[in-house]
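Trainee: I would like to take a close look at one part of this structure and follow it outward to its surroundings. Could you guide me through it slowly?

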Amino acid sequence: MAPVTELTVGQVARRSGVAVSALHFYEARGLIRSHRTSGNQRRYGRDVLRRVAVIRIAQEVGISLADIGAALAALPEGRTPTRDDWSLLSTAWRDELDHKIAQMKKLRDGLSDCIGCGCMSIDKCPLRNKGDRLAREGTGARRLVLPSPR
């Protein structure tokens, strides 16, 4: 028996642990590709399993789908990432992840000051009202006036 070279959307969903709707979403965003049979059914190459795994791992660590899509699109001929490709992708995302980790630590450390506050000090809250530029104009409501489109 010849090995299966193409997979149905249901087979990809079962093997990858991703819902069919997520696969359709990924495909609509250009993250994965399929082709249609004469009966208009989707068929995926086996390499889509690795692409889905890369997408899921990147999402789990907080990389946006837009950034994932840009990284995958940068691969030669849109091919599935190899081990070396993954090394390059993950290295490129490292700085962004380090920045997010630092932000999360700052948020975590700032939360201890919130206990018991009940958001009654919105004017002084470093989490909710960080870098309040409008405070220089005094107290009271402020309205952002956008230029009219022309």
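Trainee: In which helix is Glu27 found, and which residues does Glu27 touch, not counting residues up to four places away in sequence?

Mentor: In this predicted model, Glu27 is found in helix H2. Its relative accessible area is 19%, and because buried means under 20% relative accessible area, Glu27 counts as buried. Not counting residues up to four places away in sequence, Glu27 touches Ile32, Arg33, Ser34, Arg42 and Tyr44.

The helix around Glu27 comes next. In H2, which spans residues 20-28, Glu27 is buried along with Leu23 and Tyr26. These buried residues lie on the same side of H2, because they cover an arc of only 100 degrees around the axis. A general point about helices helps here: an α-helix has 3.6 residues a turn, so residues three or four places apart point the same way. The face of H2 that is turned away from the buried side carries the exposed residues Ser21 and Ala28. As for what the buried residues of H2 pack against, the partners are H1, E3, H3 and H4. After the helix comes Gly30, whose phi is positive, near 80 degrees.

One of the residues that Glu27 touches is Ile32, which lies in the loop between H2 and E2. Ile32 counts as buried, at 2% relative accessibility. When its neighbours within four places in sequence are left aside, Ile32 is in contact with Leu23, Tyr26, Glu27, Tyr44, Val48, Arg51, Val52 and Ile55. Leu23, Tyr26 and Glu27 in that list are the buried residues of H2, while Val48, Arg51, Val52 and Ile55 are among the buried residues of H3. Ile32 can also be compared with a residue farther along the chain: Leu72 is 40 residues apart from Ile32 along the chain, and their C-alpha atoms are separated by 9.3 Å.

Helix H3 therefore deserves a look of its own, because the buried Ile32 is in contact with several of its residues. H3 covers residues 48-60, has 13 residues and reaches 18 Å from its first C-alpha to its last, which is close to the 18 Å expected at 1.5 Å a residue. Its buried residues are Val48, Leu49, Arg51, Val52, Val54, Ile55 and Ala58, and they pack against strand E1, helix H1, helix H2, strand E3, H4 and H5. Just after H3, Gly62 takes a positive phi of about 100 degrees.

Turning back to H2, its packing partner H1 can be read in a similar way. The buried residues of H1 are Val9, Gly10, Val12 and Ala13. They are on the same side of H1, because they cover an arc of only 165 degrees around the axis. What covers these buried residues includes E1, H2, E3 and H3. Val9 is a useful example from this helix, for it is buried with a relative accessible area of 19%. Leaving aside its neighbours within four places in sequence, Val9 is in contact with Val20, Leu23, His24, Arg42 and Tyr44. Arg42 and Tyr44 are also touched by Glu27. The C-alpha atoms of Val9 and Arg42 are separated by 6.4 Å, although these residues are 33 residues apart along the chain. Just after H1, Gly17 takes a positive phi of about 75 degrees.

Another residue with a positive phi is Asn40, at about 65 degrees, although Asn40 is not a glycine. Asn40 lies in the loop between strand E2 and E3, and at 52% relative accessibility it counts as exposed, whereas Glu27 is buried.

To place this part within the whole, the protein has 5 helices and 3 strands, and from the N terminus on its elements run β-α-α-β-β-α-α-α. Buried residues make up 23% of the 150 residues in the protein. Among the contacts with a separation of 6 or more, 52% are between residues 24 or more positions apart.

Key. Residues numbered from 1 in each chain as written. Predicted model: local features only at pLDDT ≥ 70, side-chain atom pairs only at ≥ 80, totals over all residues. Heavy atoms only, no water. Helix = DSSP H or I, 4+ residues; strand = E, 2+ residues; numbered from the N terminus. Expected span 1.5 Å × (residues − 1). Buried < 20%, exposed > 50% of the residue type's maximum accessible area, 1.4 Å probe, protein only. Contact = heavy atoms within 4.5 Å. Arc of directions from axis to C-beta.
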